[in-house]
Amino acid sequence: MATLTLYHAAPSRSSITRWMLEELGEPYDIHLLSLSKGDNRAPDYLAVNPMGKVPALKHGDTIITEAAAICAYLADEFPRAKLNVPVGNPRRGVYLKWLFFGPSCIEPAVMDRAFPRKEEARRAALGYGDFETVMDVVAKAVSSGPHLMGEQFTAADVVIGSGLRWGMMFKLLPERPEFTAYVSRLAQRPALQRAEAKDKELAAA
Ligand SMILES: N[C@@H](CCC(=O)N[C@@H](CS)C(=O)NCC(=O)O)C(=O)O
């Protein structure tokens, strides 16, 4: 079987994909980079991800970048783990919506709030509309639970759950009761606990 190698910095956005790999239960290697030492700007890594960002995942000869794309890829590539909603299932549309909602709505809404623009952008010009609507939509989606897709935990929970966990940790997101309850449910997952423990070890080394 082709080897999975995660280009990782601990902790960082690549921790999202490390959690996903732990959920998957397949063996993987870590190629550790130090962002503070600039490993991500070195020519050998720019050949992997010309964006100079982590994460990147190498699977055989395939390189995938962008955390949400990596989660979607792994979920589809290893269906035995039941972390995707497969093609042909009518629930797949909603599943894909949440996978894309993380990077296209939550992340830019949070970052625009953390680093405000000099001039306010027109709501219609922003893909995410406005921060409050993004928060309301996500709060409603996670309120019934236990997961975004109901009983099934999917890669979409890794993406959206990571956004909410990190957002609240860095005080960039409001600690709405729906968010804290959802994130507490996710925190019970052994795969997330393993990923966090391994990242802590790496960060301390
Ligand atoms: N759009 C990318 C963002 C990745 C990203 O911003 N990674 C940060 C770590 S949290 C990084 O590599 N920063 C190093 C740098 O830009 O120099 C994704 O979702 O994977």
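In this predicted model, the ligand is surrounded by ten residues that come from several stretches of the chain: Ser 12 and Arg 13, then Leu 35 and Asn 40, then the run Gly 52, Lys 53, Val 54 and Pro 55, and finally Glu 66 and Ala 67. Sorted by class, this shell holds four nonpolar, three polar and three charged residues. The space that the ligand takes up is the largest pocket.

Within that shell, polar contacts can be followed atom by atom. A nitrogen atom of the ligand lies 2.6 Å from an N or O atom in the side chain of Glu 66, while an oxygen atom of the ligand is found 2.9 Å from an N or O atom in the side chain of Asn 40. At Ala 67 the partner belongs to the backbone, where a polar atom is 2.9 Å from an oxygen atom of the ligand. On its own the ligand has 510 Å² of accessible area, and the protein covers 72% of it.

Turning from the ligand to the aromatic side chains, the count comes to four aromatic pairs. One of them is formed by Trp 19 and Phe 153, whose rings are 6.1 Å apart from centre to centre; with 45 degrees between the planes, this pair is classed as tilted, since planes under 30 degrees apart would count as stacked and those over 60 as edge-to-face. Trp 19 belongs to helix α1 (residues 14-24), whereas Phe 153 sits in the loop between α5 (131-143) and α6 (155-169), and the pair therefore ties together parts that are 134 residues apart in sequence.

How values were computed: Residues numbered from 1 in each chain as written. Predicted model: local features only at pLDDT ≥ 70, side-chain atom pairs only at ≥ 80, totals over all residues. Heavy atoms only, no water. Near = heavy atom within 4 Å. Polar contact = N/O pair within 3.5 Å; in protein donor to acceptor, adjacent residues only side chain to side chain. Areas by Shrake-Rupley, 256 points an atom, 1.4 Å probe, with all protein chains shown as cover. 1 Å grid on protein atoms, 1.4 Å probe; cavity = no way out; pocket = protein on both sides within 12 Å on 5 of 7 lines; lining within 4 Å. Sits in = over half its atoms within 2 Å of the grid points. Nonpolar A, V, L, I, M, F, W, Y, C, P; charged D, E, K, R; others polar. Phe/Tyr/Trp six-rings, centres within 6.5 Å; stacked < 30°, edge-to-face > 60°. Helix = DSSP H or I, 4+ residues; strand = E, 2+ residues; numbered from the N terminus.
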